[in-house]
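Okay, thanks everyone for coming. I'd like to walk you through a structure that's new to most of us, so let's put it up on the screen.

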Amino acid sequence: MDVAPVGTGQLADTYRLTLNWQHLQDGRPTSLVCKLASSDAASREISAHWKLYEREVRFYRELAPQARIDTPHVHATGLAEDGTFFLLMEDLKDATPGNQLAGLQSGQAPAAMREAARLHASFWARGEEPALSWLETGRIAQAFYSATVFRSAWRDFRDRYRGMVPDDQLALCDAFSELYDAYEQPLSSPRCVVHNDFRPDNMMFGKQRLTVLDWQSVALGFNALDVAYLIGGGFGPDERRACEQDLLDLYHATLVAEGVTDYARAQLDEDYRHFCFAGIVVSVCAAMLVKRTDRGDRMFLTMLDRHVRHALDCDGIGLLRARTHAAM
């Protein structure tokens, strides 16, 4: 076989295996994708801390069969005691990979909204089930990212990208950091299984399917996080404003069609507004936690810009201030 790197992930290394069969048989794949622990020590360390490799392997072993979302077919998995792993998956080479920098293209966002709703509906209100306890990250709104983690990352991010982040973005993120205690409080909505990195880079767009990849961050959480994260980071501000409400309508209608009847459209709006900060959190924290690359810098700064514009449009700071005052 021939081996070549593929993909742009920063927490693991992925390769395409081109298989040169001596006698090709019907149904035998001519290529596969193999995903392994990152060669970067820092990425492996953060993955071990949050058990990200274990999460992805267990998602494919235990949750993918019951999730209604389209995921790659996995032929084999391996998980060692030291946390290293492998996934041997179908090669989606005929599909077009999403691109966070370019954003969502025509027709891609509706398909992504439907897939998100199917995932959330599959595990709706199951956040307290013992069988899913391995997905627990603590009783905070956004899995993995406590106030301590974000505030530390924001100080370092501010220093690293000094002169590259506009003043209005700095001001909003400074205010958000101060109000983070209100942001991390759990919502009243039911918890379900969420992807937590639901963005174009983790999607493959085929002619008849949208396949969602990279399940390392899968956790128990609140459905609107995936929705706000995708919409807020997938478009420039003008494009987002033009399609935002239609996408929320589609997501909610699909959620209802999949059997979720106890989640009002108005509740989605409120939760969506809360999670307008989700992409800011990931942009800042991931930039400081994973291997630094030129593309990574461009991606995180682009994400920050889009998500700050989203938070400004939603008046997310006003929401957090109101909740802070109400708690006093």
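I'll start with the whole chain, then go through the strands, and end with a handful of single residues.

A word on where this comes from: it's a predicted model, where local features need pLDDT of at least 70 and side-chain atom pairs count only at pLDDT 80 or more, while totals for chains, interfaces and linings use all residues. Residues are numbered from 1 along each chain as its sequence is written, and side-chain values use heavy atoms, with hydrogens and water left out.

So, the big picture. We've got 12 helices and 10 strands in the chain. Both are DSSP runs numbered from the N terminus, with at least four residues for a helix (H or I) and at least two for a strand (E). How does the radius of gyration sit against a compact globule? For 328 residues you'd look for something near 20 Å, and the chain has 19 Å, so that agrees. That radius is taken over C-alpha atoms, and the globule rule is 2.2 Å times the number of residues to the power 0.38. If you want a box around the C-alpha atoms, it's roughly 70 × 45 × 40 Å along the principal axes.

Of the 328 residues, 54% count as buried. Buried here is under 20% relative accessible area, exposed is over 50%, and partly exposed is in between, with a 1.4 Å probe and protein chains only. And contacts, meaning heavy atoms within 4.5 Å: among those with a separation of 6 or more, 76% link residues 24 or more positions apart.

On to the strands. As a general reminder, strands of a sheet pair through backbone hydrogen bonds, either parallel or antiparallel. We call two strands paired if DSSP finds at least two bridges between them.

Right at the start of the chain, strand E1, residues 2-5, runs antiparallel to strand E2, residues 12-18, and 4 bridges join them. One pair to click on is Ala 4, whose bridge partner in E2 is Arg 16. The two strands make a hairpin with 6 residues between them, and Gly 7 in the turn has a positive phi of about 90 degrees.

Next, have a look at strand E5, residues 85-90. It pairs antiparallel with strand E3, residues 31-37, over 5 bridges, and Leu 36 has Phe 86 as its bridge partner there. E5 also pairs antiparallel with strand E4, residues 74-79, again over 5 bridges, with Val 74 opposite Met 89. E4 and E5 form a hairpin too, with 5 residues between the strands, and Gly 83 takes a positive phi near 95 degrees.

Then there's an open sheet of 3 strands, in the order E6-E8-E9, with antiparallel pairing. E6 (96-97) and E9 (210-212) stand at the edges with a single partner strand each, so one side of each has no neighbour in the sheet. Strand E8, residues 203-205, pairs with E9 over 3 bridges, and Met 204 has Thr 211 as its bridge partner.

Now for the single residues. Asn 223 is in helix H7, residues 223-234. Is Asn 223 buried or exposed? Buried, with a relative accessible area of 0%. Beyond its neighbours within four places in sequence, its contacts include His 120, Trp 124, Cys 192 and Tyr 263.

That brings us to Trp 124, which is in the loop between helix H3 (108-122) and helix H4 (147-160). Trp 124 is buried as well, at 12%. Leaving out neighbours within four places, its contacts include Pro 190, Arg 191, Asn 223 and Leu 255.

Over in helix H8, residues 237-257, we find Leu 247, which counts as buried at 5% relative accessibility. Which residues does Leu 247 touch, not counting those up to four places away in sequence? They are Ala 109, Pro 110, Met 113, Ile 231 and Phe 235. Leu 247 and Arg 114 are 133 residues apart in sequence, but 9.4 Å apart in space, C-alpha to C-alpha.

Last stop: positive phi values outside glycine. Phe 144 has a phi near 80 degrees. It's in the loop between H3 and H4 and is buried, at 8%. Asn 196 also has a positive phi, near 80 degrees. Asn 196 is in the loop between strand E7 (192-194) and E8, and it counts as buried at 8% relative accessibility.
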